[in-house]
Amino acid sequence: MLNKKRSYAQCHLELGQSDFLLRSCFVCGMMYAPGDESDEKLHGDFHMKYYEGIRFKGWRDERVVSTPSGGNCRILLVLDGDSPSHKRKVKEVLTIMEKELGFQIVL
């Protein structure tokens with residue numbers, strides 16, 4: 001006879017509360033579970049990036065493709081051989097664009 005210990009962990013009790021299920025943020029559109037600390041933090045981070053924009057100061061070795069007239073905007077080129085931090089920033093921008101445009105871009 002095997003001596004196995006079973007652990008029973010109950011994560012949530014659904015007792016008809018209105019905010020038990022996933023909630024959709026009306027501003028950023030992200031679905032999250034209210035009351036779940038990690039999920040709320042993830043939503044807060046995403047919401048801030050969506051609402052306030054992604055912070056970008058620039059890179060020392062950035063490749064400027066074009067500088068549209070008016071404002072301090074620039075179009076940058078990021079290649080496969082660039083640093084992982086450059087690629088992460090592009091993926092961060094793509095995540096917001098996907099949500100806004102309503103489709104998913106596969107990298």
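# Exercises on a predicted fold

Along the sequence, the protein chain runs in the pattern β-β-α-β-β-α. The model is predicted. Work through each task with the structure in view.

**Exercise 1. The overall make-up**

Find how many helices and strands the protein chain has, and what share of its residues counts as buried.

Solution.
- Start with the elements. The protein chain has two helices and four strands.
- Next, take burial. The chain holds 107 residues, and 14% of them count as buried.
- Finish with the contacts that have a separation of 6 or more. In the protein chain, 23% of these join residues 24 or more positions apart.

**Exercise 2. Two helices**

Decide how helix α1 and helix α2 are oriented to each other, and list the residues that meet.

Solution.
- Two quantities describe a pair of packed helices: the angle between their axes and the distance between the axes.
- Locate the helices. Helix α1 spans residues 37-52, and helix α2 spans residues 84-101.
- Read the geometry. The two pack at an angle of about 80°, and their axes are 11 Å apart.
- Apply the cut-off. Angles of 65 to 115 degrees count as roughly perpendicular. Therefore α1 and α2 are roughly perpendicular to each other.
- List the partners. Phe46, Lys49 and Tyr50 belong to α1, and they meet Glu92, Thr95, Ile96, Lys99 and Glu100 of α2.
- Sort this contact by class. It has three nonpolar residues, one polar residue and four charged residues.

**Exercise 3. Lys99 up close**

Describe where Lys99 lies and what Lys99 touches.

Solution.
- Place the residue. Lys99 sits in helix α2.
- Check its exposure. Its relative accessible area is 38%, so Lys99 is partly exposed.
- Compare sequence and space. Lys99 and Tyr50 are 49 residues apart along the chain, with their C-alpha atoms separated by 9.2 Å.
- Leave out residues up to four places away in sequence. Lys99 then touches Cys28, Gly29, Met30 and Phe46.

**Exercise 4. An aromatic pair**

Classify the ring pair of Phe56 and Trp59.

Solution.
- Count the pairs. The structure holds one aromatic pair.
- Use the geometry. The ring centres of Phe56 and Trp59 are 4.9 Å apart, and the planes stand at 85°. Planes over 60 degrees apart count as edge-to-face, so this pair is edge-to-face.
- Check exposure. Phe56 has 33% relative accessibility, so Phe56 counts as partly exposed. Trp59 has 21%, so Trp59 counts as partly exposed too.
- Follow Trp59 to a contact. His86, found in helix α2, touches Trp59, Asp61 and Val78, not counting residues up to four places away in sequence.
- Is His86 buried or exposed? At 6% relative accessibility, His86 counts as buried.

**Exercise 5. Cysteines**

Work out whether Cys28 is in a disulfide or in none.

Solution.
- Search the whole structure. The search finds zero disulfides.
- Look at Cys28. The nearest cysteine sulfur is that of Cys25, 3.7 Å away. A disulfide needs the sulfur atoms within 2.5 Å. Cys28 is in no disulfide.
- Add exposure. Cys28 has 3% relative accessibility, so Cys28 counts as buried. Cys73 has 42%, so Cys73 counts as partly exposed.

**Exercise 6. A loop residue**

Place Arg74 and name its contacts.

Solution.
- Arg74 lies in the loop between β3 (63-66) and β4 (75-77).
- Its relative accessible area is 31%, so Arg74 is partly exposed.
- Set aside neighbours within four places in sequence. The contacts of Arg74 include Phe56, Lys57, Gly58 and Glu62.

Conventions. Residues are numbered from 1 along each chain as its sequence is written. This is a predicted model: local features need pLDDT of at least 70, side-chain atom pairs count only at pLDDT 80 or more; totals for chains, interfaces and linings use all residues. Side-chain values use heavy atoms; hydrogens and water are left out. Rings of Phe, Tyr and Trp (its six-membered ring) pair if their centres lie within 6.5 Å; planes under 30 degrees apart count as stacked, over 60 as edge-to-face and the rest as tilted. Buried means under 20% relative accessible area, exposed over 50%, partly exposed in between (1.4 Å probe, protein chains only). Axes are lines fitted to C-alpha atoms, for helices over the stretch in contact, and angles run from 0 to 180 degrees between N-to-C directions. Angles under 35 degrees count as roughly parallel, over 145 as roughly antiparallel, 65 to 115 as roughly perpendicular and the rest as oblique. Contact means heavy atoms within 4.5 Å. Ala, Val, Leu, Ile, Met, Phe, Trp, Tyr, Cys and Pro count as nonpolar, Asp, Glu, Lys and Arg as charged, and the others, Gly among them, as polar.
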